[in-house]
Amino acid sequence: MSLRFTSFIEYEEDDVEYNKICDEHKHLLETLPKGSGWSIQHLYNYNGFWIDEMLLKAILLLDTYFKSEPTDIVLASFMKSGTTWLKTLMFSTLNRDRYSFSNHFLHNNHPLSTIPFLGMKSYPMTDSTTFSAPRLFITHFARTLLPACMSSCKFVYVCRDPKDVLVSKWHFMCKLRSKDLTPLSFDEAFELFCLGVSEFGPFWEHVLSYWRASLESPDKILFLRYEELKKQPEVVVRKLADFMGKPITMEEEKKGVVWEIINLCSFENLRNLEVNKKGVEKLGNFEVEKQSFFRKGEIGDWKNYLSEEMKDRIDGITKQKFQGSGLIGFNE
Ligand SMILES: Nc1ncnc2c1ncn2[C@@H]1O[C@H](COP(=O)(O)OS(=O)(=O)O)[C@@H](OP(=O)(O)O)[C@H]1O
């Protein structure tokens, strides 16, 4: 058996199943509705969500080859909602006995960089320490796109004000944008975002896919917000520790472990780490400077980009989409 995708999905490129996937992939690319991509020319609408060609193949591969384990924990998010932050918080909380705080980030190949991304060709697993149970995964796919077997896994979902997501995503995608395309203006990105045409989007349906699942199985999905993490990180870290089955003990509380974790994963600390200061991150076929993952890290940067009218339009969509779901928007 050869390892072709990442080491948690094993398949032979010439087996019958794989050939079936390639045929289906080809057929889908010819038949699915197409929309404008933010970094490449086309996105495809697959079961209600916009993804590129490579991610479409990844979904088909996951469906056939991914074998979940009940102890798996998946960090899920719409891109630019705080994934990097949550990833470091989850890893540091879960592994607080295994890695002391001083040696966490000293190596270029520190364990955090090896958490596999479901649906991207990057993050090949090399470090067995992070792959012992519970296995940690990250995904940007909506809940309804993930294989049915993953209903046994635990999910931590983080969402963020869509206005800040839009601004963050526009900055990021401009860096990835193919050189043979004309630059994507903020106004164009805004329009596409409102129409739901953005990688992994529509944003609102993405959030709702996890929100609804969290209502059905509250013990399986921890639903978090970037904004609450900014305002009360200590509350969130304790929630994360409980949810992941490693509650903070009284003794740890006395030693201030919660704040040690928070300070370790702070925006300033992560951005200034040697491993994050230089070098690039591979995202499928793209490469992006690691510094791009740490831009401003603030609530409300949208105020510098959106007119009053634009703000009202996004808030209006949020209100309308979330109506009746029990999910509170981002202005209340
Ligand atoms: N530690 C910490 N604290 C607060 N905020 C942080 C932190 N780390 C990253 N960020 C900000 O999160 C935004 C990137 O989101 P993601 O990590 O989800 O990006 S990605 O989807 O994984 O590419 C991006 O937001 P913007 O600054 O608004 O662009 C990052 O700056």
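**Figure 1. Buried residues of helix 5 in the predicted model.** In this predicted model, the buried residues of helix 5 start with a run from Pro162 through Lys163, Asp164, Val165, Leu166, Val167, Ser168 and Lys169 to Trp170, and they also take in Phe172, Met173 and Leu176. Because 12 of its 15 residues are buried, helix 5 is largely enclosed by the rest of the structure. Several elements cover these buried residues, including helix 6 (186–195), helix 7 (203–216) and helix 14 (308–322), together with strand 8 (280–283) and strand 9 (286–289). Helix 5 itself covers residues 162–176 and reaches 20 Å from its first C-alpha to its last, close to the 21 Å expected at 1.5 Å a residue. If you zoom in on the N-terminal end of helix 5, you will find Asp161 acting as its cap: a side-chain oxygen of Asp161 lies 2.9 Å from the backbone nitrogen of Lys163.

**Figure 2. Helix 6 and the setting of Ala189.** Here we move to helix 6, where Phe186, Ala189, Phe190, Leu192, Phe193 and Cys194 are buried. The partners that these buried residues pack against are strand 1 (34–36), helix 5, helix 7 and helix 14. Ala189, found in helix 6, has a relative accessible area of 0%, so it counts as buried. Leaving out residues up to four places away in sequence, Ala189 touches Trp38, Leu166, Trp170 and Leu184. Two of these names, Leu166 and Trp170, also appear among the buried residues of helix 5. For a sense of scale, Ala189 and Glu234 are 45 residues apart in sequence, and their C-alpha atoms are 35 Å apart in space. Just after helix 6 comes Gly196, which takes a positive phi of about 90°.

**Figure 3. The shell around the ligand.** Which residues come nearest to the ligand? Of the 20 residues around the ligand, these are Thr83, Thr84, Ser168, Lys296 and Gly297. Ser168 may look familiar, since it is one of the buried residues of helix 5. Sorted by class, the shell has eight nonpolar, eight polar and four charged residues. Helix 3 (83–94) and helix 12 (267–272) each supply at least two residues of the shell, and helix 3 gives the most, with three residues.

**Figure 4. Polar groups facing the ligand.** For those who like to check distances, this view offers three. A polar backbone atom of Gly297 is 2.7 Å from an oxygen atom of the ligand. A nitrogen atom of the ligand has a polar side-chain atom of Tyr226 at 2.8 Å. In the case of His140, an N or O atom of the side chain is 3.2 Å from an oxygen atom of the ligand. Taken alone the ligand exposes 640 Å², and the protein buries 96% of that.

**Figure 5. Leu86 in helix 3.** Helix 3, the element that gives the most residues to the ligand shell, is also home to Leu86. Is Leu86 buried or exposed? Its relative accessibility is 0%, so Leu86 counts as buried. Beyond its neighbours within four places in sequence, Leu86 is in contact with Leu75, Val156, Val158, Leu224, Leu229 and Leu240. Leu75, one of these contacts, is 11 residues from Leu86 in sequence and 7.7 Å away in space, C-alpha to C-alpha.

**Figure 6. Lys290 and Ser325, two buried residues outside the helices and strands shown.** Lys290 has its place in the loop between strand 9 and helix 14. The relative accessibility of Lys290 is 15%, under the 20% limit, so this lysine counts as buried. Not counting residues up to four places away in sequence, Lys290 touches Val275, Asn276, Lys278, Gly279, Val280 and Glu281. Ser325 sits in the segment after helix 14. With a relative accessible area of 16%, Ser325 is buried as well. The contacts of Ser325, with the same sequence neighbours set aside, are Leu208, Trp211 and Leu215.

**Figure 7. The whole chain, for context.** Stepping back, the chain has 14 helices and nine strands. Of its 332 residues, 56% count as buried. The accessible surface of the chain comes to about 15,300 Å², and carbon and sulfur atoms account for 51% of that. Among contacts between residues at least 6 apart in sequence, 71% join residues at least 24 apart.

Definitions and conventions. Residues numbered from 1 in each chain as written. Predicted model: local features only at pLDDT ≥ 70, side-chain atom pairs only at ≥ 80, totals over all residues. Heavy atoms only, no water. Near = heavy atom within 4 Å. Polar contact = N/O pair within 3.5 Å; in protein donor to acceptor, adjacent residues only side chain to side chain. Areas by Shrake-Rupley, 256 points an atom, 1.4 Å probe, with all protein chains shown as cover. Helix = DSSP H or I, 4+ residues; strand = E, 2+ residues; numbered from the N terminus. Nonpolar A, V, L, I, M, F, W, Y, C, P; charged D, E, K, R; others polar. Expected span 1.5 Å × (residues − 1). Buried < 20%, exposed > 50% of the residue type's maximum accessible area, 1.4 Å probe, protein only. Contact = heavy atoms within 4.5 Å.
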